[in-house]
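Me: I should like to go through the terms used for this structure and ask what stands behind each of them.

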Amino acid sequence: MPTVRFIRRFKPYGVGRALRNLALGLLFCAAAAAQAAPPVLVAFGDSLTAGYGLPPEEGFVPQLEAWLAARGSDVTVQNAGVSGDTTAGALARIDWTLSAPVDAMIVTLGGNDLLRGIPPEEARANLDAILTKADEKGIPVLVVPISAPGNYGVDYKTAFDAIYGELAAKHGALLAEPFLAPILALPNRQQALADYIQPDGLHPNARGVALVVEALGPKVLDLLAQAE
């Protein structure tokens, strides 16, 4: 009678458990990495945000990031400033800007609308739409105004300057003082312009940016607290 051999297939002991543990470990590492990643703060604006006329390390974004780091706030500040951008141009790119994960946003726009004499109601509508986009994604916003000059008349200045506070209240956003206020509020205005503004008369130099960041920094910390 022929010999019948029974072949038993052995499954290596613990392979299933090992694979399961490996998968759990990878998930844990991914979660830990996500938790360890610093929050992302987007500085959304025009040339003032972009750091026009300055070396990259002396612009608004790197100086703000360094200011925050010096106070124990580990934040990645992304430069979403485009020189020459109006509120309409900014609205056209806000969806792309917010397509990546964003934890908080600073909005500084309106200077180029002023330079072009764009009606305040148009600037208001564009800024309103930008803040609505942030609301839809649950992103807290700090609104940084731009003060209108008086050369367009009192009515224009009053209407334009009112935009920022009214929209901040409407959207529940934080409101800062105007971007250049720390420079323009210095006792000797002519000397302040010579010391802290570039020769174009519009953009702060590195020392001027430092004044802006020092004044704006506490509001940014408030903003980041909302994003936690």
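The exchange below takes up confidence, the nonpolar core and the largest pocket.

Me: How do you know how far the chain can be relied upon?

Reply: This is a predicted model, and the mean pLDDT of its protein chain is 89, with 84% of the residues at 70 or more. Since pLDDT is the predictor's confidence on a scale from 0 to 100, these values describe confidence in the prediction.

Me: Which residues have pLDDT under 50?

Reply: Residues 1–13 stay under 50, and so do residues 29–34. For residues 1–13 the model has zero contacts beyond four places in sequence; for residues 29–34 the number is likewise zero.

Me: What makes the largest nonpolar core a core?

Reply: The term requires buried residues, under 20% relative accessible area, joined through side-chain atoms within 4.5 Å. The largest such set has 58 residues, and L41, F60 and M105 have the most contacts inside it. Helix α10 (residues 206–227) gives the most to this core, with seven residues.

Me: Which residues is M105 in contact with, its neighbours within four places in sequence left aside?

Reply: Among them are L41, F44, I94, L98, A134, P140 and L223; contact here means heavy atoms within 4.5 Å.

Me: Why is the largest open space called a pocket and not a cavity?

Reply: A cavity is a space that the probe cannot get out of, whereas a pocket is an open set, and therefore the open space takes the second name. The largest pocket has a volume of about 630 Å³. Its lining has 24 residues, with L114, I146, S147, L180 and L202 nearest the centre. α5 gives the most to this lining, with four residues.

Notes: Residues numbered from 1 in each chain as written. Predicted model: local features only at pLDDT ≥ 70, side-chain atom pairs only at ≥ 80, totals over all residues. Heavy atoms only, no water. Buried < 20%, exposed > 50% of the residue type's maximum accessible area, 1.4 Å probe, protein only. Helix = DSSP H or I, 4+ residues; strand = E, 2+ residues; numbered from the N terminus. 1 Å grid on protein atoms, 1.4 Å probe; cavity = no way out; pocket = protein on both sides within 12 Å on 5 of 7 lines; lining within 4 Å. Points joined across faces, edges and corners; volume = space filled by probe spheres on them.
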